[in-house]
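Q: Please take a close look at one part of this structure, the surroundings of its metal ion. Please then relate that part to what lies around it.

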Amino acid sequence: MTTLLNETHDPSRKSWVTQANEPGCDFPIQNLPFGVFRHGDSETSRVGVAIGDQVLDLSRADDLGLFGGDASQAAAACRDQSLNRLMALGPEHWSALRRRLSALLAEGALDGNVALVSSALLPMADVTMQMPAEIGDYTDFYCSIHHANNVGSMFRPDNPLMPNYKHLPVGYHGRSSSIVASGTPVRRPSGQTKADAAEGPSFGPSKLLDYELEVGFFVGPGNQTGEAIPIGSAEDHLFGFCLVNDWSARDIQKWEYQPLGPFLGKSFLTAISPWIVTTEALAPFRTPAFERDADDPQPLAHLDSASNRTRGGVDLHVEVWLTTQAMRDAGAEPFRLSRGNFKELYWTAGQMVTHHASNGCNLRPGDLMASGTVSGPDKGSRGCLLELTWRGSEPITLPSGETRAFLADGDEVILRGYCENESATRIGFGSCSGIVLPARVSDDNGSD
Ligand code: CA
């Protein structure tokens, strides 16, 4: 099933939630992303949809009898503390719910319902966003060829890309227990590191803390163990997309990563933006898959389809912003470190899904996959400090006069993402932010 444009994408459609119609609003009626929120200390987590500066409480809306017919099953699945049940239902149910939500929130439609629907709205400023799903498994890929070339050339100048890179989406199994929602601070991790000049390793706080700007996507319906997911139906398994900050400790990573890959240099924390932008909402922003150089190999048949070639990509701008403690004290605005685009990845989300299941590995609703650091060809589009400062050798000077090779305690990293083009309404991903806390004091000497 290929997601087609329908009335929910119509740029002329406005919402009676007037803030949603403001230029630059991340959550116009064409977006309708799903998340999980809490309102007040005593309430349990609930599923909601963002519209302008409001959140529609789906359980409350269902109590009011606002969902009938073909949207009823999806609405019932939202009466839960996570999105897993909704994710498991599949594109037809997601689409039916989206059409109903759009109709309920559209200006001029269902006038009699405005007061009723209003009673299920909460100001976004009054809710706290939670993790949107119970993530059983998390896989992180490495799909920006620009990132792979940059990082590879630092360590292997003559041979930056491994022989497999252009034949399959390289990835590793990450840690799901330490995935957190935006706003969660990151404690500077401690670990074992070894300086080049040192005789042996030592244990202590990481000195080379970094972020990685990534795009994540949640699995909808899964597959049975032993069964593959053909590329032609890979998109049916993609519920939606978010921003991911794969916090990384480069010094821990450098000492530990061979021969089995990333481990404690990555698993201390991974943050995601809390609103999941559905695959259907992204329909107006689909692009062709990465255009390979003429002498690059074409993907093997099981990773290739006409649909993937023509619209497997997503034109999604992604940005990294930074504030330091000194900048916040001075009331300064965040500073943009980089700006890239998800469409520049060598592999599409569909190819990642198909490759992941190609050995019969079962994917499950709520599994998270992340793209790997999104870097483009230009220096201004490098998605982590390792690349931006070239391993710290070219520190960045901030407007405050401070410099950064890697992150300092008190720094706040903010990821943002949005889609826009001439024939569609701009939609945004909100943000994924986190502040760096100092290492635990006891980690300085490794004992307490
Ligand atoms: Ca990563």
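A: The answer below starts at the metal site and then turns to the cores, the pocket, the cavity and two single residues.

The model is a predicted one. In it, the calcium ion has four protein donors, Asp140 (OD), Glu212 (OE), Glu214 (OE) and Asp246 (OD), which lie 2.2 to 2.4 Å from the ion. Along the chain, these donors follow the spacing D-x71-E-x1-E-x31-D. Aspartate 140 belongs to strand 6 (residues 138-141), while glutamate 212 sits in the loop between strand 12 (209-210) and strand 13, so this pair ties together parts that are 72 residues apart in sequence. Aspartate 140 has a relative accessible area of 2%; because buried means under 20%, this residue is buried. Glutamate 212, at 4% relative accessibility, counts as buried too.

One donor also leads to the nonpolar interior. Setting aside neighbours within four places in sequence, tyrosine 211 is in contact with Asp246, and its other contacts include Asn245, Trp247, Arg250, Val320, Leu337, Leu385, Leu407 and Val413. Tyr211 is itself among the residues with the most contacts inside the largest nonpolar core, together with Phe241, Trp247, Leu337 and Leu407. This core has 66 residues. Several elements each supply at least two residues of this core, among them helix 6 (145-155), strand 13 (213-219), strand 14 (238-245), strand 20 (317-323) and strand 26 (427-437). Apart from this core lies another, of 44 residues, which includes Phe67, Ala75, Leu121 and Ile272.

Strand 6, which holds aspartate 140, takes part in the largest pocket as well. Strand 6, helix 6, strand 7 (171-173) and helix 7 (250-256) each supply at least two residues of the lining of this pocket. Helix 6 gives the largest share, five residues. The pocket holds about 1100 Å³ of space. Its lining consists of 46 residues, and those nearest its centre are Tyr142, Val151, Phe155, Gln253 and Tyr257. By type, the lining residues divide into 20 nonpolar, 13 polar and 13 charged.

Enclosed spaces are a separate matter. A search of the whole structure finds three cavities of 30 Å³ or more. The largest cavity holds about 60 Å³ of space. Its lining residues include Pro288, Phe290, Val314, Phe342, Lys343, Trp347 and Ala349. Eight residues of this lining are nonpolar, three are polar and one is charged.

Trp347 links this cavity to proline 299. Leaving out neighbours within four places in sequence, proline 299 is in contact with Arg292, Asp304, Trp347 and Gln351. Proline 299 lies in the loop between strand 18 (286-287) and helix 8 (306-311), and at 12% relative accessibility it counts as buried. From C-alpha to C-alpha, proline 299 and glycine 90 are 27 Å apart in space, and in sequence they are 209 residues apart.

A further residue in a loop is serine 381, found between strand 22 (368-370) and helix 11. Helix 11 (385-388) is one of the elements that supply at least two residues of the largest nonpolar core. Serine 381 is buried, with a relative accessible area of 6%. Beyond its neighbours within four places in sequence, serine 381 is in contact with Ser338, Arg339, Gly340, Val374, Ser375 and Gly376.

Note on methods: Residues numbered from 1 in each chain as written. Predicted model: local features only at pLDDT ≥ 70, side-chain atom pairs only at ≥ 80, totals over all residues. Heavy atoms only, no water. Core = buried A, V, L, I, M, F, W, Y, C linked by side-chain atoms within 4.5 Å. Buried < 20%, exposed > 50% of the residue type's maximum accessible area, 1.4 Å probe, protein only. Helix = DSSP H or I, 4+ residues; strand = E, 2+ residues; numbered from the N terminus. Contact = heavy atoms within 4.5 Å. Donors = N, O, S within 2.8 Å, 3.2 Å for Na, K, Ca; no water. 1 Å grid on protein atoms, 1.4 Å probe; cavity = no way out; pocket = protein on both sides within 12 Å on 5 of 7 lines; lining within 4 Å. Points joined across faces, edges and corners; volume = space filled by probe spheres on them. Nonpolar A, V, L, I, M, F, W, Y, C, P; charged D, E, K, R; others polar.
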